[in-house]
Amino acid sequence: MSASETPDARQHQERLAAEGIDVVRVTYPDLIGTDRARDVLLDQLPAACEHGLAFCRAVYHTSPQGDVVPVTGGLDAGLPDITVRPDLDTLVALPWEPGVATCLGETVDPATGSPVSESPRDLLRSVLARCAEQGLHPVAGPELEYFLCDEDRASPSGWRRYSESTGVVYTAGLRADPDNHLLRTLRLLRDLGIGVTNGNHEFDGGQFEINLTHSEALSAADRSFRFKAAVKELARREGRLATFMAKPFNDAGGSGFHLHLSCDDAEGRNAFDDPTGAYGLSATARHAIAGILAHAPALAALANPTVNSYKRFGPDTLAPWLIDWGLDNRSAMVRIPPERGSGARLELRLGDAGANPYLLIAGTIAAALLGVQAGEEPTAPLQGYGYDTARAAVLPMTLSAALDALEADTALTEVLGKGFTTSYLSYKRNEVERFQRHVTDWEFTEYAYHL
């Protein structure tokens, strides 16, 4: 049901009231994938559906520190509104918040009635529409990692890793999770109905991975967005911090956002499978791989979207920082899992957990689509352990370099759209500029005593 056609809004209202719900939380993602929201009293739900909720457009351009970044259409336009209408098809009760249901919001420009160019959800829709024109319907499966932290007033950041256990990668239970955080979180996420399947403790102390089932790409992005928001909210309820930051600690690895991607054809068959094709992959799959490799430098700006992201890269990090692909090879940027048939797919290991799910998925699909349209074959797959600069090109190693690569990749930015690209580049370059002016703890420790 579209947001503007809500004849049954009152039916939803009556159903929710019967379930003891009196508030609907309407949420939508900003440019960095943080949830923006408003709580609507249930008796006002029909009006919110009919007229929408007014938000300042500059919320898309507001930094994590509260700075309003000068992006076209925000400050320069006098801080105009966007309109957000509840998407009632996405309504679900919050298992940990009695009396509250939540749904996603659809954002439009009230002056034109069209989607807002900065809207990550609408950007993904536009890329998927291009795929549909080629008879392809992307299917995505997200895997996300995060660190859980406890308060620590003695720490400069105010936080320390929950559980410092080492050598507990791929474990579950009290050995690495003494407070049963994972079990409690899995059960609540299950009740939220976002397709969570399983989870485990990851490589470093206090680090967890929770996987979501695969689905059509927009649903996968919606569920990833809601997953990240839910995990952070559940941690806050316990006085803890859950962070999807790429690399929050110097003495630990980073957190990834691995994306499994395939495409169904018009008949619903996996378009990546071909038993007679090279490597058991169809030409479509191989062209998609070639497209992702070709556009990887620009894609890094969306998959690794922060200054901190690039501290996750480098030798011995197990994070992909070279442009390569391999058959069931976890040291490659693009891994082809061993399944074929309906399970044929690629796994992009480039992204870090700080990525906006909509932008990571949209960018990956756009690059794959360009590869399919170009019809080129990928280079030979990586053999053995990777991370050898003699065998593969290096990805951008700073956010600034990745943003330059995105701006220079006119084929990819044409698919993403000029409005979005201009806004994103302006917003992120402001982030780089603010970081370059900031005096860090490292600099003081390195120089102050000796200079």
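# Salt bridges, spaces and a hairpin

A search of the whole structure finds 33 salt bridges. The structure is a predicted model. Three of the pairs are set out below.

| Salt bridge | Closest N and O atoms |
|---|---|
| Arginine 57 and glutamate 118 | 2.8 Å |
| Aspartate 150 and arginine 160 | 3.9 Å |
| Glutamate 407 and arginine 429 | 2.9 Å |

**Where the pairs sit**

Take the pair of arginine 57 and glutamate 118, with closest N and O atoms 2.8 Å apart. Arginine 57 belongs to the loop between β3 and β4, and glutamate 118 to the loop between β6 (100-108) and α3 (120-133), so this salt bridge ties together parts that are 61 residues apart in sequence. Are arginine 57 and glutamate 118 buried or exposed? Both are buried.

Next comes the salt bridge of aspartate 150 with arginine 160. The pair links strand β7, which holds aspartate 150, to strand β8 (residues 159-161), which holds arginine 160. These two residues are 10 apart along the chain. Aspartate 150 has a relative accessible area of 15%, so it is classed as buried. Arginine 160 has 38%, so it is classed as partly exposed.

The third salt bridge joins glutamate 407 and arginine 429. Glutamate 407 is in helix α9 (residues 399-408) and arginine 429 is in helix α11 (residues 418-437), so the pair ties together parts that are 22 residues apart in sequence. Glutamate 407 is partly exposed, with a relative accessible area of 45%. Arginine 429 is partly exposed too, with a relative accessible area of 25%.

Salt bridges can also form a network. Which residues are linked in this way? They are Asp87, Glu106, Arg121, Asp122, Arg125 and Asp222.

**Cavities**

The structure holds 3 cavities of 30 Å³ or more. The largest cavity has a volume of about 60 Å³. Its lining includes Cys131, Leu136, Pro138, Phe272 and Ala288. Ile365, Ala368, Leu369 and Val372 are also among the lining residues. Two elements, β13 (257-264) and α8 (357-374), each give two or more residues to the lining of the largest cavity. Which element gives the most? It is α8, with 4 residues.

**The second largest pocket**

The second largest pocket holds about 690 Å³ of space. A set of 32 residues lines this pocket. Glu145, Glu202, His258, Leu318 and Arg349 lie nearest its centre. At least two lining residues come from each of β7 (137-151), β10 and β13. The largest share is that of β10, with 3 residues.

**The hairpin of β9 and β10**

Strand β10 also takes part in a hairpin with β9. Strands β9 (residues 196-201) and β10 (residues 207-212) run antiparallel and are joined by 5 bridges. Valine 196 has leucine 212 of β10 as its bridge partner. Between the two strands of the hairpin lie 5 residues. Here glycine 206 takes a positive phi near 75°.

**A nonpolar surface patch**

Which residues make the nonpolar surface patch of about 220 Å²? They are Val68, Leu75 and Leu79. Leucine 75 is in the loop between β3 (53-56) and β4 (81-86). Its relative accessibility is 41%, so leucine 75 counts as partly exposed. The loop between β3 and β4 thus appears twice in this report, as arginine 57 of the salt bridge with glutamate 118 lies there as well.

Note on methods
Residues numbered from 1 in each chain as written. Predicted model: local features only at pLDDT ≥ 70, side-chain atom pairs only at ≥ 80, totals over all residues. Heavy atoms only, no water. Patch = residues over 30% accessible without salt bridge, like charges linked within 9 Å, V, L, I, M, F, W, Y side chains within 5 Å. Areas by Shrake-Rupley, 256 points an atom, 1.4 Å probe, with all protein chains shown as cover. Salt bridge = Lys/Arg side-chain N within 4 Å of Asp/Glu carboxyl O. Buried < 20%, exposed > 50% of the residue type's maximum accessible area, 1.4 Å probe, protein only. Pairing = 2+ DSSP bridges. 1 Å grid on protein atoms, 1.4 Å probe; cavity = no way out; pocket = protein on both sides within 12 Å on 5 of 7 lines; lining within 4 Å. Points joined across faces, edges and corners; volume = space filled by probe spheres on them.
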